[in-house]
Structure formats: C-alpha cells, structure tokens
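Subject: Structure handover

Hello,

Here is the structure I promised to pass on. Please open it alongside this email.

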Amino acid sequence: MAALALGLAGTAAIVVPSLSAQAETVQVDMNYHCTGGVAGVAGVDLKVTLTLQTALAVGQPLDVRWSLAYRNNTRFLSPGLFQPGSRLTATGVVGVTDELWTGELNSVGSKDQVLVQNGGPLELPDLVSGSVSTTEAGVFEVVPRRLLIDFTPPAAETVVNDDDPAVTYVGTDWTDYNDRPPQNKDIHEDVHASEVNGAEAHFTFTGTGVDFITEQDYRAGQVKFTVDGKPGIPATADASKDTEGRPVVVANQGNYPLWGMRKLPYGEHTLVVKKTDAKWAMVDGFRVVTEALLDPPKQFRARCEPVKKPTAIRVNIGGGDTPASPSPDSSPSVSPDTSPSASVSPSGTPGGNSPSPSVSPSTTPSSSPSAAATQSYLTSVIVKGSPSPTATRTVTLTATPTVAQVAVTPQGGAQTGEAPERMAASGPLLLGSGGALLTIGVLSGVALLRRRAAHAGERG
C-alpha cells in the first residue's frame, strides 16, 4: 500500500532509493478555456502539455510539469499601465489518488513582465511542480484538473497633480491658481484653493495607499479625510501645524505631504478631502502608492478548465514492471529541463493566496472484513526560502485498507525495490563436504579396479 510523501522539489526531505528504476515519461496534450480576471470577457484558450513519469522506484520523486501556449490568437491582457516588475503566475492542479490517500499537487510558475500598457498582452510562464513520492510500492493515479492564472502589479508610487482628471472639485468653491512662484515648489507650479467651509475635493485612485499633498502655511486650516466613505486614519490634519501639533511660521511651502494612509486592499478607492473651518485649504496633488503584494489581487484571477474531461494517468511505484496506463492520446517523451519555482498544496483547492504549502489529506475507508486497520504516514513538509517562516508538519492517517492494486512481496521481489534475503554458507562446511565427496570417489575407483582384476583371474 503506497504511503504518499509530499514536498517542494529540492526543499523537502525525501527517501533516496538504493535501487532506482528507469523513469518512463509520458506527455499529454490538452486544451483549456480560461474566463474571468485577466482573461477578459471573451476568455482565453490555452494548449497545455502535461509531462510526468509513469514508472518510478520506491522513494523516487514524481515531477509533474506543465507547459503553456496561447491558442486561437487569444491573450491574457494587462488590467492597467504598469512599469516593469508586474508578474503573471500560473498554478496547475492535478489530483493524486491511491487506496488510502486523496489530495492535490500544485505546479507553480511565474513570469515577470516588462512595461505593459493598459490592455496589453501578457507573457506566459513555464511550470514545474513540487514532488510527490512514496515510501512503499503500489499504484496511484494522476488526473489533470484546473489551471489558475494570477496577475500581481509591481510596487510603485505615482504623483498626481491637482488638475488631473482623476481629481474632481465639488461646486464652484475652488479656484485654480496657475504659474505659482517657483520658490513655492508646487507640483507643476499650480494649486487649487478654497476659503469656503465644507468645500470638497474627490480623488479616485487604484492602489494600496494615498498621500494628500498641499502647502504648509500658518494661514491654513483643518481638513477632514474619508476613504471609501469611512473616516481616514487619522481622520483630520492641519497644514498650519507641524507633526507635533505646534503652529508653524512658514508660508506657501508647496509639495508638502500633510496626510497619508496605507494597507488598503489593492483596488480602486475614493479619497474625499473636506475643508472644516473658516481658513483656506489648498490641493497641490496626491501620491498613489502600491505596496509590495504578498498575494495577487483576487479580481485579476482567471480560472481555466479542460475543454474535455481528462483521462487519469496511472503511475507505478516499485521498479516499473507493471505497464502504465496513460491517456490514449499521450506519447512518451523526455521531460523538459526547466526550473521555475514550485509549491505543493496537497489539500483542497489552492487559494494561490498562501505562500506556504498545507497538508490536509483525506482517507476513503472501505469495508474489508479480513483486513486489519493500518496506518499511512505523510512525511514532514520542510519549506525553505518561503515568504513565511519555515514550516514542518507531520500528518498521521488511520484507515482500513482496500485490496492492493498490485501484489507486493514482503521481502525481495521487484515491487519492493529490495534485494531478496540470502543465508550465508559456512566455509569450513563447504570444504569438508567437498573433501568427503573426493575420498568416496577415489575409494569407489579402487574397488572397481580390484573387481575387474579378480574377474580376469577367474577366466585364466
């Protein structure tokens, strides 16, 4: 009965077999259709080639590799204008099943993008999976499932001037002042100003943070901030005071970041700046911030499903003597030599939102009156170089096994990957036996010669 061990390729503790089997690989070509997120309204068609081994020795890791190509002139499209550093990530999911264990293995790859225009095409990544290995001989099946495509914007900051179309001024309470003195250091040497209590400026932006930029001046007053209809943090600020709340004596010091807010969920937000006293307020501009994102924004995710139901691929563990049963349209091939990053999510649907793998297998017990309960062990998953702290997890399952899919010889035989036991013969015993046989042969020869001589004498 095969006990499955899951881990990241190159970062998980695996059993190295003393007797390795010659790996047999198979390639399966499939068509996928993607919808939502960066796939747009019409969707995107992909050609997917899955490559994996179908015969392995006990403890030898199985590597499931995906390669992607566009079909039908469709493309994933950028959701905005982004500087170099945005990333397209693909997560291919296969189901892995044996008699005691059911889970999923994720193949993850990403591609950093160059400067992309709003609606511009995105480059596809290659994929390389983590590894799945067994501690005992047996057979398990691999079934291709979904493919997830995520887009992550790069970390960035952008300054927006007060007269940008993204900024709107409510009513006629604001005046646009241009050609300001250079010594004021105003952005583009212009500002919007108002002395009317209750005057509002609205700014719509996309990111995770925003700064309000004004002129620091002893004649300025207090303004109030709301983000998406909720009070900002802090809710108010006053350009006539310093960071410790003391009055200032300077005048017309432009390009001054009076207020800022961070850690907003990535997406579109609206900031409202409202004047709350009889003094005047100035809008010099805004700074839009996108912080480094650990998780891709969910609104950009595209989900891809096979156009036709995939066929399960049988993988034999224990020397590869049992014929494999790949998909009918598959053809043997050498697995490509690629090396993008990998992750394993052996339980449930990958969220793509968790930087470290999780193990949560489920068992499917079956009734077998003559079979005794056994335990199947998942080896520890040791993750290195992950954004999250190193995690080591061990899961023990208890289940009633079903009938084995392949016959397994307890000691010796090809299915176990073990050499048969042999009894060592005693050297002195072998020499003594040989000497006895030689003596018996000589005496038998002498007796035969004497009998022939006596017989000859009687005739004479």
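Below is what I found, going from the whole chain down to single residues.

**Overall**

This is a predicted model. The protein chain has 460 residues, and 43% of them count as buried. It holds one helix and 24 strands. Contacts reach far along the sequence. Take those between residues at least 6 apart: 78% of them join residues at least 24 apart. The chain exposes about 23700 Å². Carbon and sulfur atoms supply 54% of that area.

**Nonpolar cores**

In soluble globular proteins, nonpolar side chains tend to be buried together. The largest nonpolar core here has 44 residues. Leu 46, Phe 76 and Leu 147 touch the most other members. Eight elements give two or more residues each to this core: β2 (24-35), β3 (44-56), β4 (62-71), β5 (87-97), β7 (127-134), β8 (138-152), β21 (302-306) and β22 (313-317). β3 gives the most, with six residues. Another core lies apart from this one. That second set has 31 residues, including Val 167, Ala 199, Ala 220 and Ala 281.

**Strand β8 and its partners**

β8 is a good place to start browsing. Of its 15 residues, 12 are buried, so the strand is mostly covered. β8 pairs with β5 in the antiparallel sense, over 10 bridges. There, Thr 97 stands opposite Glu 141 of β8. β8 also runs antiparallel to β22, joined by five bridges. One bridge partner pair on that side is Val 139 with Asn 316 in β22. Three bridges join β8 to β21, again antiparallel. In β21, Arg 303 is the bridge partner of Leu 148.

Thr 152 also lies in β8. Is Thr 152 buried or exposed? Its relative accessibility is 13%, so Thr 152 counts as buried. Setting aside residues up to four places away in sequence, Thr 152 touches Ser 86, Arg 87, Leu 293, Pro 296 and Pro 297.

**The disulfide**

The count comes to one disulfide. A disulfide is a covalent bond between the sulfur atoms of two cysteines. Here Cys 34 is joined to Cys 304, with 2.0 Å from S to S. The torsion about the S-S bond of Cys 34 and Cys 304 is about 105 degrees, so the disulfide is right-handed. The link spans distant parts of the chain: Cys 34 sits in strand β2, Cys 304 in strand β21, 270 residues apart. Both Cys 34 and Cys 304 are buried.

**Two open sheets**

Strands of a sheet pair through backbone hydrogen bonds, either parallel or antiparallel.

One open sheet has five strands, in the order β10-β13-β18-β15-β16, with antiparallel pairing. Which strands form its edges? They are β10 (167-169) and β16 (230-238), each pairing on one side only. The twist averages 20 degrees from one strand to the next. β10 and β13 (residues 200-207) pair over three bridges, in the antiparallel sense. His 202 in β13 is the bridge partner of Thr 168.

Another open sheet has four strands, in the order β9-β20-β14-β17. Its pairing is antiparallel. β9 (156-161) and β17 (253-261) stand at the edges with a single partner strand each, so one side of each has no neighbour in the sheet. Neighbouring strands in this sheet are turned by 25 degrees against each other on average, direction ignored. β9 and β20 run antiparallel and are joined by six bridges. Thr 158 stands opposite Val 288 in β20.

**A loop residue**

Last, look at Gln 299, in the loop between β20 (285-290) and β21. Gln 299 has a relative accessible area of 42%, so this residue is partly exposed. Leaving aside neighbours within four places in sequence, Gln 299 is in contact with Gly 37, Tyr 266 and Gly 267. Where does Pro 79 stand relative to Gln 299? The two are 220 residues apart in sequence and 9.9 Å apart in space, C-alpha to C-alpha.

Best wishes

How values were computed: Residues numbered from 1 in each chain as written. Predicted model: local features only at pLDDT ≥ 70, side-chain atom pairs only at ≥ 80, totals over all residues. Heavy atoms only, no water. Core = buried A, V, L, I, M, F, W, Y, C linked by side-chain atoms within 4.5 Å. Buried < 20%, exposed > 50% of the residue type's maximum accessible area, 1.4 Å probe, protein only. Pairing = 2+ DSSP bridges. Axes fitted to C-alpha atoms, helices over the stretch in contact; angles between N-to-C directions. Contact = heavy atoms within 4.5 Å. Areas by Shrake-Rupley, 256 points an atom, 1.4 Å probe, with all protein chains shown as cover. Disulfide = S-S within 2.5 Å.
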